[in-house]
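Colleague: I would like to learn how to read a model of this kind, feature by feature. Could we begin with a single residue and work outwards from there?

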Amino acid sequence: MLEVSNNKDAQTTLALFCKVVDNYGDIGICWRLARQLAHEHGITVNLWVDDLISFKRICPEIHTNQAKQDVAGIKVTHWRDQDGVFKVNDIADIVIEFFGCDIPPAYIATMAQCTPRPLWFNLEGLSAEEWVEGCHRLPSPHPQYSLTKYFFFPGFTNKTGGLIKEAQLSEQRQQFQSDPQAVMQFLSQLGVTAAEQEAIKVSLFCYPHAPVNELFEAWKNSPVAVTCLVPEGVASDAITHFLGQTAVAGTHATQGALTVRVLPFIPQSDYDRLLWACDLNFVRGEDSFVRAQWANKPFVWHIYPQDENLHHVKLKAFLNRHTAKTATLDKLSLTWNAASDLHGNWADVWQTLLTELPQITLLSTEWEQEMLKNGNFSTNLLQFATTLA
């Protein structure tokens with residue numbers, strides 16, 4: 001456990017501030033990190049989050065009407081506004097703001113009154129771009145107070161903080177994937193029939209502007225049956241159009257070779273199992289993007305859109321670094337993000353990709369081993385903190 005000299009005789013404390021911009025990715029990352037810091041490193045974590053409704057979708061134990069609550073050993077504070085009065089004893093030993101969110105000014109002012117000063121980090125967004133390595137761990141002195149904030153970047157090299165990954169995750173995945181009965185039982189609990197499980201299983205998690213209709217047309221004409229599993233509320237217009245009815249959990253329909261089934265929005269641990277159980281995963285944002293990589297299955301990433309298509313630069317940087325892929329998967333990934341055009345050849349690309357899925361799955365194991373060499377994000381963060389304390 002991290003040892004931080006402080007005037008409080010207690011475990012190391014950590015405050016993690018999260019503003020939810022991308023409905024589930026932001027809180028998804030912060031919730032995983034909070035639990036890992038608490039459960040694997042023995043740190044007392046207070047997670048400040050402004051959107052409890054989105055939080056509840058991935059963590060049903062959350063009460064959306066409570067200002068403070070304890071969930072899975074984590075203190076959760078509803079971050080309602082930038083107001084507040086804080087005492088020195090309210091300030092954590094380590095303060096993390098996620099993705100440049102502005103924490104309450106009074107909290108910062110009180111940080112400056114602490115002796116010693118708390119360690120302050122800005123947890124940045126995940127990117128494979130080369131500039132990240134140069135900015136990782138950079139200090140940023142506060143213009144008014146005697147405080148320094150450090151930028152800490154997740155990433156795909158040993159010159160970054162690595163990726164979030166729980167200590168037992170690989171073992172849990174391998175145990176699940178090697179047990180066909182466990183996979184069948186899990187999918188059955190979600191309403192997936194035995195016949196649907198025999199098909200190529202695809203999970204679909206994307207933003208509303210994804211070209212879902214084009215993909216569905218290719219799947220309807222697939223040479224093998226396809227079962228598409230989509231959480232309720234995702235790609236609602238396209239799913240409703242396909243189903244011919246409102247896309248609510250439990251609804252399903254079949255057209256040609258494609259069956260689409262709407263799943264209830266499930267907790268993070270079950271979402272991991274869904275990724276493990278499928279043959280191909282479409283993911284979005286950052287949290288599910290990372291979890292798809294730990295699933296050791298082929299995936300297509302729908303990146304969060306940015307003005308002037310800056311997200312295409314980020315996408316291509318990752319595709320250039322990623323090795324668990326084929327040219328076909330690259331082509332589909334670029335088109336899925338409107339960075340390229342298949343010119344109507346969706347069916348041909350899909351049929352080629354079908355033959356490549358086993359190869360990509362094998363390459364995914366090698367990619368996992370490469371990522372493990374970079375260490376775990378939470379451990380890397382705490383090790384860096386010890387050099388500053």
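Modeller: Let us begin with Glu196, which at 9% relative accessibility counts as buried, because buried means under 20% relative accessible area. Please keep in mind throughout that this is a predicted model.

Colleague: With which residue does Glu196 form a salt bridge?

Modeller: A salt bridge here is a side-chain nitrogen of Lys or Arg within 4 Å of a carboxyl oxygen of Asp or Glu. Glu196 forms one with Arg261, and their closest N and O atoms are 2.8 Å apart. Glu196 belongs to helix α7 (residues 194-198) and Arg261 to strand β12 (residues 258-263), so the pair ties together parts that are 65 residues apart in sequence. Arg261 is buried as well, with a relative accessible area of 7%.

Colleague: How many salt bridges does a search of the whole structure find?

Modeller: The search finds 12 salt bridges. One of them joins Lys149 to Glu97, with the closest N and O atoms 2.9 Å apart. Lys149 lies in strand β8 (residues 148-152) and Glu97 in strand β5 (residues 94-98), so this pair ties together parts that are 52 residues apart in sequence. Both Lys149 and Glu97 are buried.

Colleague: Is Lys373, in its salt bridge with Glu370, buried or exposed?

Modeller: Lys373 is exposed, with a relative accessible area of 61%, whereas its partner Glu370 is partly exposed at 40%. The closest N and O atoms of Lys373 and Glu370 are 3.0 Å apart. Salt bridges can also share partners, and in this way Arg32, Glu166, Asp272, Asp287 and Arg291 are joined into one network.

Colleague: Two members of that network, Asp287 and Arg291, bring me to helix α11, where both are listed as buried. How should I read the burial of a whole helix?

Modeller: One goes through the helix residue by residue. In helix α11 (residues 287-294), eight of the eight residues are buried, so the helix is largely enclosed by the rest of the structure. Phe289, Val290 and Trp294 are among the buried residues, and so are Ser288 and Gln293. After α11 comes Asn296, whose phi is positive, near 55°.

Colleague: Which residues is Phe121 in contact with, leaving aside its neighbours within four places in sequence?

Modeller: Phe121 lies in strand β6 (residues 119-123) and at 1% relative accessibility counts as buried. Its contacts include Ile94, Val95, Ile96 and Glu97, then Lys149 and Tyr150, and also Leu381, Phe384, Ala385 and Leu388. Glu97 and Lys149 in that list are the salt-bridge pair discussed above. By way of contrast, Phe121 and Cys278 are 157 residues apart in sequence and 36 Å apart in space, C-alpha to C-alpha.

Colleague: What share of the contacts in the protein chain with a separation of 6 or more comes from residues 24 or more positions apart?

Modeller: Such residues account for 67% of those contacts. The protein chain has 15 helices and 14 strands. Its radius of gyration is 22 Å, close to the 21 Å that the globule rule gives for 389 residues, so the chain is as compact as a globular protein of that length. Of the 389 residues, 56% count as buried.

Colleague: And how should I read the surface and the charges?

Modeller: The protein chain exposes about 16900 Å², of which carbon and sulfur atoms supply 50%. For the charges, one compares the mean positions of the 29 positive and 42 negative ones, and these are 3 Å apart.

Note on methods
Residues are numbered from 1 along each chain as its sequence is written. This is a predicted model: local features need pLDDT of at least 70, side-chain atom pairs count only at pLDDT 80 or more; totals for chains, interfaces and linings use all residues. Side-chain values use heavy atoms; hydrogens and water are left out. Helices (H or I, at least four residues) and strands (E, at least two) are DSSP runs, numbered from the N terminus. The radius of gyration is taken over C-alpha atoms; the globule rule is 2.2 Å times the number of residues to the power 0.38. Buried means under 20% relative accessible area, exposed over 50%, partly exposed in between (1.4 Å probe, protein chains only). Contact means heavy atoms within 4.5 Å. Accessible areas come from the Shrake-Rupley method with a 1.4 Å probe; for residues, only the protein chains shown count as cover. Lys and Arg count as positive and Asp and Glu as negative; His and the chain ends are not counted. The place of a charge is taken as NZ of Lys, CZ of Arg, CG of Asp or CD of Glu.
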